Amino acid sequence: AGRARGRPAVGARRAATAVLTSPKVVTRDASDDRGVKDGKGAAGDDVQGETYGRMAISLTVLAFALHFAAVLFRGLSVQRAPWGNMYEFSCTLGLVAVGAYLVLLALRKNVRWIGLFLVTAVLLDLGLAVSVLYTSSDQLVPALHSYWLWIHVSCAIICGAVFHLGALATILYLFRDRYELALAAGKADGRFASVWERLPAAATLDKFAYRINAAVFPLWTFTIMAGSIWAESAWGRYWGWDPTETWSFITWVAYACYLHARATAGWKGRKAAYLALIGFACFLFNYYGVNVFIVGKHSYAGV
């Protein structure tokens, strides 16, 4: 009708609507889910195997109770906190590590797979404590007579125990990841296949190690701060670059780099695992190397 009267026809044209999509984030190193399911962990393939697994957990609980009694009686014998030297520290750290594992089990977390490796590490720790680090019951040096012993050292013990869990998960991740890569390439070694197949998938182990280390890192930060406050009370300065103070800070930096790399650069997988193990190595050197071989204000090894 508009054309008939000489007027231009008006047509409506639908404009295309642009859809904004989030850009795909490409990480520098990713522990991808390769479609491999988690292994059965410590659970048995049949009723008999499951029974053996439950027996192992029961024996672990019994050992934990006996270990707790030993640490308690040590504290009662000296009338103080039972972590005044390396022997007592090692015994208590092993106790807390197993306790953390049992707490995760009580919370119905799937962590039975780490039980054998954790108990083995704790037995090695206790063997070293009894054979090399043993110290008879005695009173502390005057600098350690403070309520900060309960706060600072107990926090350090908890951090060390949880760092152990994270380090074990990281080591197991490296083996499992190598096994999955070899399996995908058709070059898997069958010698330890039954062991690696029972572990969770590499991606699951990577996430577990990250969450464990991230959860305990704030407590490690508080441990260093509490130690500084105690140092000011005992020695008149907050920080003096004592060997133990220095390596505690180095350990903090190593774990901070690990968490920062994963949070910002998107690191996962083997690169992040190496950073986590470097942090744990710094913690071990701070405990064994510094206390035994380097003389400082924290030299209370008693060996």
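Start with the whole chain, coloured by burial: of the 303 residues in this predicted model, 43% count as buried. The accessible surface of the chain comes to about 17,500 Å², and carbon and sulfur atoms make up 65% of that surface.

Switch to a cartoon view. The chain has eight helices and zero strands, so the pattern read along the sequence is α-α-α-α-α-α-α-α, helices being DSSP runs of at least four residues. A contact map is useful at this point: among contacts with a separation of 6 or more, 80% are between residues 24 or more positions apart.

**The largest nonpolar core**

Select Y101, W113, I114, L118, F163 and F208. These are the residues with the most contacts inside the largest nonpolar core, which has 45 residues. To see where the core draws its members from, show α2 (86–106), α3 (115–131), α4 (148–184), α5 (193–198), α6 (202–235), α7 (243–265) and α8 (270–293); each of them gives two or more residues to the core. Which helix gives the largest share? It is α4, with twelve residues.

Now centre on Y101. Leaving aside residues up to four places away in sequence, Y101 touches I57, V111, R112, I114, G115 and L118. Of these neighbours, I114 and L118 are also in the list of core residues with the most contacts.

**The second core**

Next select A81, L93, L144 and I157. They belong to a second, separate core of 21 residues.

**Salt bridges**

The structure holds six salt bridges. Three of them are visited here, beginning with R74 and E88.

Select R74 and E88 and display the distance between the side chains: the closest N and O atoms are 2.8 Å apart. R74 sits in helix α1 (residues 47–78) and E88 in helix α2, 14 residues apart, and the pair links distant parts of the chain. Is R74 buried or exposed? Its relative accessibility is 11%, under the 20% cut-off, so R74 counts as buried. E88 is buried too, with a relative accessible area of 1%.

Keep E88 selected and add R80. The side chains of E88 and R80 also meet in a salt bridge, at 2.9 Å from N to O. R80 is buried, with a relative accessible area of 11%.

Then move to D206 and R262. Their salt bridge has its closest N and O atoms 3.0 Å apart. D206 lies in helix α6 and R262 in helix α7, so the pair ties together parts that are 56 residues apart in sequence. Both residues, D206 and R262, are buried.

Before leaving the salt bridges, show R74, R80 and E88 together: bridges that share partners join these three residues into one network.

**Annotated segments**

Finally, colour the segments listed in UniProt. An unreviewed entry there gives "transmembrane region" for residues 56–75, 87–107, 114–135, 147–175, 208–231, 246–265 and 272–290.

Two of these segments can be checked against the model. Select residues 56–75: the chain is 100% helix and 0% strand over this range, and the end C-alpha atoms are 29 Å apart. Then select residues 87–107, where the chain is 95% helix and 0% strand, with 31 Å between the end C-alpha atoms.

Definitions and conventions:
Residues numbered from 1 in each chain as written. Predicted model: local features only at pLDDT ≥ 70, side-chain atom pairs only at ≥ 80, totals over all residues. Heavy atoms only, no water. Buried < 20%, exposed > 50% of the residue type's maximum accessible area, 1.4 Å probe, protein only. Contact = heavy atoms within 4.5 Å. Areas by Shrake-Rupley, 256 points an atom, 1.4 Å probe, with all protein chains shown as cover. Core = buried A, V, L, I, M, F, W, Y, C linked by side-chain atoms within 4.5 Å. Salt bridge = Lys/Arg side-chain N within 4 Å of Asp/Glu carboxyl O. UniProt positions renumbered as here; feature names shortened; annotations may be inferred.
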